[in-house]
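Please examine the sequence and the structure shown here, then work through the exercises below.

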Amino acid sequence: MNSPSTRVSIIGAGKVGSTLAQRIAEKNLADVVLLDIVEGWPQGVALDLMEARGVERHDRQIVGTNDYTDTANSNIIVIAAGVPRKPGINREDLIKINARIVTQASKQAIEHSPEAILIVITNPLDIMTYLAWEAADLPKHRVMGMGGVLDSARFQTFIAMELGISIADINATVIGSHGDLMVPLPRYSTVKGIPIDRLMDAGAIDRLLQRTRHGGAEIVELMKISSAYFAPASSACLMVESILFNQSRLLPCCVYLHGEYGVQDIFLGVPCRLGSRGVEQVVELELSDTERAAFIESGKLVAENIEEARAMLKTAS
């Protein structure tokens, strides 16, 4: 069991960050520091969550702050700061705004917690994870992005809805970028070990693949002024739990690849084992030629966007 001093700091107290703080505290995983640039906001969220302890029955401490000093000695830093996906914000603007926020937040947070593991939630996720790694100057096994857990959870949900089967019996796997070029893998998605292509026809599977690829956009379109936050927070919480309790869970996460799956010097979603040191092992699945080509294609776009983001940061500095 973890000691009472275990601490997770969440940078960005918006809907994802505040929901993640709630998940971590109410599951009794760690104390939480919630940081935001808006004065009073993280303090108010933290106080609200603290006042729920009498009902939720946990003794975790939740602190809201505008000062990175208060995040010192964190075991895990979660970067949830930035502008969410909204109608009217194009890809270039999202990259430009969030690249600056993520690099500054990562650098400042790690200055106060040099031994921490860094988890990135901010979109565009694969690009932001790479930029956070560069800014924080950490070993590659201590930096990761959340996307694959979320994408796989969405695929899992859609399979359960399609078949009318308990989600507890379903495992789904999605690799590649956290975006339209993600690569859901029906061959590695099962119901009690039975591949889904034994339980539904190709047309149904293709429909679920498309819905998974556009899962985030579907929610943005419905909400109009916001984006998903419950499922992203739950996905990040699963990663936090696996690290803090050294569970060595096999999870699809955005991690650094250096030759695996045929790509170099990039963060992209693949199955990996998460434990107390961070990424313990990257698991390389056997892919068909079509799957591998789709994975490499998603990586090419991410690599191009990383260079674009670097250029934007250089121009802004």
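Three exercises with worked solutions follow.

This is a predicted model, in which local features need pLDDT of at least 70, side-chain atom pairs count only at pLDDT 80 or more, and totals for chains, interfaces and linings use all residues. Residues are numbered from 1 along each chain as its sequence is written, and side-chain values use heavy atoms, with hydrogens and water left out.

**Exercise 1.** Determine how many disulfides the model contains, and examine Cys253 and Cys254.

Solution. Step 1: a disulfide is a pair of cysteine sulfur atoms within 2.5 Å. Step 2: the closest cysteine sulfur to that of Cys253 belongs to Cys272, at 4.0 Å, which is too far for a bond. Step 3: for Cys254 the closest cysteine sulfur is in Cys253, 8.7 Å away, again too far for a bond. Step 4: the count is zero disulfides. Step 5: Cys253 is buried, with a relative accessible area of 0%, and Cys254 is buried at 1%; buried means under 20% relative accessible area, with a 1.4 Å probe and protein chains only.

**Exercise 2.** Locate Gly12 and Asn98, two positions of the UniProt feature "binding site", and describe their surroundings.

Solution. Step 1: the feature comes from an unreviewed UniProt entry, and its positions include Gly12 and Asn98; such annotations may be inferred rather than shown by experiment. Step 2: Gly12 is found in the loop between strand 1 (7–11) and helix 1 (15–26), while Asn98 lies in helix 4 (residues 91–112); helices (H or I, at least four residues) and strands (E, at least two) are DSSP runs numbered from the N terminus. Step 3: Gly12 is buried at 7% relative accessible area, and Asn98 is buried at 0%. Step 4: leaving out residues up to four places away in sequence, Gly12 touches Gly17, Leu34, Leu35, Asp36, Ala80 and Ala81. By the same rule, the contacts of Asn98 are Gly82, Val83, Thr122, Asn123 and Met128. Contact means heavy atoms within 4.5 Å.

**Exercise 3.** Which residues of helix 4 and helix 10 contribute to a lining, and what does Cys254 line?Solution. Step 1: on a 1 Å grid over the protein atoms alone, a cavity is a set of points where a 1.4 Å probe fits but cannot get out, and lining residues have an atom within 4 Å of a point. Step 2: Cys254 is among the residues that line the largest cavity. Step 3: Lys96, Arg100, Met312, Leu313 and Ala316 line the second largest cavity, where helix 4 and helix 10 (289–316) each give two or more residues.

Methods: Buried < 20%, exposed > 50% of the residue type's maximum accessible area, 1.4 Å probe, protein only. 1 Å grid on protein atoms, 1.4 Å probe; cavity = no way out; pocket = protein on both sides within 12 Å on 5 of 7 lines; lining within 4 Å.
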